[in-house]
Amino acid sequence: MGGADCVSALYSVSYAVKMTLKRLSAPPMDYMDYTVYPLEGIWDLNEKAKQDYDGSFHKDDLVYTLMIRQPDFVTEGFFREMLILTRKKKPNALLDKLQFETTSEGPCVQMLHLGPYDTEPQSFAKMEEFSKANNWDRCSKAHREIYLSDFRKVAPEKLKTVLRFKIKDVWSRD
């Protein structure tokens, strides 16, 4: 099973959460209708590529985690209920791999990348220049991508992707 199956599993549960919440007679506290959030990916280099890193890498060296943010009022218990519901309505072997997690990134640099994914290195170079100019260090080659466009529906030159990476010592430097 490939990336499309992963994306399908994530969206099927995310839409189950949204639509079920809309129909509840007693929704959770702080509930408000919302639009399902965009797909996100955390990308990094595999361990061998990290050891051999010389400033370049191949796409085969990348490892990733895909996710879709959920509103703060969605609990892990409710997520588990929606996972069971989704397994019945839209079976997908990858549903068993989905997890409910809370993450926190800390200080980051981000930018909106316009264009195909293959041109992201130019945007990362600009982000790294900006970081150096502000006396910040990039923590690692790991980064987050938030896909504002659907690559299946949008021409590559019109894709919009938020690129983000963590920086360190941003607050303690002179």
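Me: Which side chain does Asp-72 meet in a salt bridge?
Reply: The rule here asks for a side-chain nitrogen of Lys or Arg within 4 Å of a carboxyl oxygen of Asp or Glu. In this predicted model, Asp-72 has a partner at 3.6 Å, N to O. That partner is Arg-69.

Me: What kind of model is this, and what pLDDT do side-chain atom pairs need?
Reply: Residues are numbered from 1 along each chain as its sequence is written, and side-chain values use heavy atoms, with hydrogens and water left out. The model is predicted, with totals for chains, interfaces and linings using all residues, local features needing pLDDT of at least 70, and side-chain atom pairs needing 80 or more.

Me: Is Asp-72 buried or exposed?
Reply: Buried means under 20% relative accessible area, exposed means over 50%, and partly exposed is in between (1.4 Å probe, protein chains only). Its partner Arg-69 comes out at 37%, so Arg-69 is partly exposed. Asp-72 sits at 71%, so the label is exposed.

Me: Which residue pairs with Arg-144 in a salt bridge, across distant parts of the chain?
Reply: Arg-144 is in strand S5 (residues 143–147), and its partner is 39 residues away, in the loop between helix H3 (76–89) and strand S3 (108–114); helices (H or I, at least four residues) and strands (E, at least two) are DSSP runs numbered from the N terminus. Arg-144 is buried at 6%, whereas the partner is partly exposed at 24%. At 2.9 Å, N to O, the partner is Glu-105.

Me: Which residues join Glu-105 and Arg-144 in one salt-bridge network?
Reply: Side chains of opposite charge can pair when their charged atoms come close. Here some salt bridges share partners, which puts Glu-105 and Arg-144 in one network with two further residues. Those are Glu-40 and Arg-164.

Me: Which element gives the largest share of the largest nonpolar core?
Reply: A nonpolar core is a set of buried Ala, Val, Leu, Ile, Met, Phe, Trp, Tyr and Cys residues joined through side-chain atoms within 4.5 Å. This one has 23 residues, and Val-13 is among those that touch the most other members. The elements giving two or more residues are helix H1 (3–23), strand S1 (39–45), strand S2 (62–68) and H3. Seven residues, the largest share, come from H1.

Me: Why do the buried residues of helix H4 line one face, and what arc do they fall within?
Reply: An α-helix has 3.6 residues a turn, so residues three or four places apart point the same way. In H4, Glu-120, Ser-123, Phe-124, Met-127 and Ser-131 are buried, while Pro-121, Lys-126, Glu-129, Lys-132 and Ala-133 are exposed on the other side. The arc is taken from the directions from the helix axis to the C-beta atoms. Seen down the axis, the buried set lines one face because it falls within 100°.

Me: How many bridges join S3 to S6?
Reply: Strands count as paired if DSSP finds at least two bridges between them. S4 and S6 run antiparallel with two bridges, and S5 and S6 run antiparallel with four. S3 and S6 are antiparallel too, and Leu-114 has Lys-160 in S6 as its bridge partner. For S3 to S6, the number of bridges is seven.
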